[in-house]
Amino acid sequence: MTAAQGGLQVGRTILNTGQIRHTVERLAATIARDYRGKPLLLLAVLKGALCFAVDLARALGGRADGPSEIVMDYICLQRYGTRGSAGGPVRLAKDCAFSVSGAHVLVLDGIVDSGLTLEFLQTLLRQRGPASLRSCALLDRPAGRQVEASLDYVGEAVGDGFVIGYGLDYKELYRNLPYLAELREG
Ligand code: IMP
Ligand code: MG
């Protein structure tokens, strides 16, 4: 066991690979319908949306009824402090490269908890004059909310347990788990 893991283990599965695929396909069907015939900028919030953004983009690409074109870009945000600490500020670690001005932007995040990260990003992007701005999270923890952040598309709601896998980390570990699980002590 590594020091970073410190006695913590992969706990119960929250979504297995088939359930993730199903959830992503369901989101893609709704998003394809809503952006039909429009150019879409998919903006992944790294690193948490790493797996989700790639799979959602592929699910959209496999459909004939969706956006007229899709551009993928990413932005890196970091929260200072640990989860649970009262509202650590958010830092822009790496900006996106594609111009947001005049674009139909769909932000993709792995999980929304307090909403602080999403609120920070939405404020930043709105200043750049997008044609439209919506947000999509694979997972939503509504009980964690500290600020209102508008979330237009949600894969699944989760409870209190800390989630790892499929892009989500605990101290940078477990992002490569192919499924979503709870972090467990012991
Ligand atoms: P928020 O700013 O509190 O909404 O938190 C959003 C960010 O915190 C996510 O993009 C994740 O990076 C991280 N986060 C929140 N909850 C979890 C979790 O259960 N597992 C892994 N990362 C999480
Ligand atoms: Mg993290």
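User: Which residues are closest to ligand 1, and how many surround it?

Analyst: In this predicted model, 15 residues surround ligand 1, and the closest are R79, S114, T117, R141 and V163. To count here, a residue needs a heavy atom within 4 Å of the ligand.

User: What makes the pairing of R79 with ligand 1 a polar contact?

Analyst: The cut-off is 3.5 Å between N or O atoms. An N or O atom in the side chain of R79 is 2.8 Å from an oxygen atom of ligand 1, so the pair qualifies as a polar contact.

User: What places D113 and V163 in polar contact with ligand 1?

Analyst: Here the protein side of each pair is backbone. A backbone N or O atom of D113 lies 2.8 Å from an oxygen atom of the ligand. For V163, a polar backbone atom is 2.6 Å from a nitrogen atom of ligand 1. Both distances are within 3.5 Å, so both pairs count.

User: How much of the accessible area of ligand 1 does the protein cover?

Analyst: On its own, ligand 1 has 480 Å² of accessible area, and the protein covers 87% of that.

User: Which elements each supply at least two residues of the shell around ligand 1, and which gives the largest share?

Analyst: β5 (104-112) and α3 (116-126) each supply at least two. The largest share, three residues, comes from β5.

User: How is the shell around ligand 1 made up by class?

Analyst: There are six nonpolar, six charged and three polar residues in the shell.

User: Why are α1 and α2 called oblique to each other?

Analyst: The axes of helix α1 (residues 17-34) and helix α2 (residues 50-61) cross at roughly 55 degrees and come within 9 Å. Angles under 35 degrees would count as roughly parallel, and roughly perpendicular covers 65 to 115. The angle of roughly 55 degrees fits neither class, and α1 and α2 are therefore oblique. Their crossing is right-handed.

User: Where is the cis peptide bond that involves K47, and what is its omega?

Analyst: The cis bond joins L46 and K47, with omega about 10 degrees. K47 itself lies in the loop between β2 (39-46) and α2.

User: What is noted about the phi of K171, and where is K171 found?

Analyst: K171 is not a glycine, yet its phi is positive, about 50 degrees. K171 sits in the loop between β8 (163-164) and β9 (180-185).

Conventions
Residues numbered from 1 in each chain as written. Chains lettered and ligands numbered in written order. Predicted model: local features only at pLDDT ≥ 70, side-chain atom pairs only at ≥ 80, totals over all residues. Heavy atoms only, no water. Polar contact = N/O pair within 3.5 Å; in protein donor to acceptor, adjacent residues only side chain to side chain. Areas by Shrake-Rupley, 256 points an atom, 1.4 Å probe, with all protein chains shown as cover. Helix = DSSP H or I, 4+ residues; strand = E, 2+ residues; numbered from the N terminus. Nonpolar A, V, L, I, M, F, W, Y, C, P; charged D, E, K, R; others polar. Axes fitted to C-alpha atoms, helices over the stretch in contact; angles between N-to-C directions. Parallel < 35°, antiparallel > 145°, perpendicular 65-115°, else oblique. Left-handed = near helix turned anticlockwise from the far one by under 90°.
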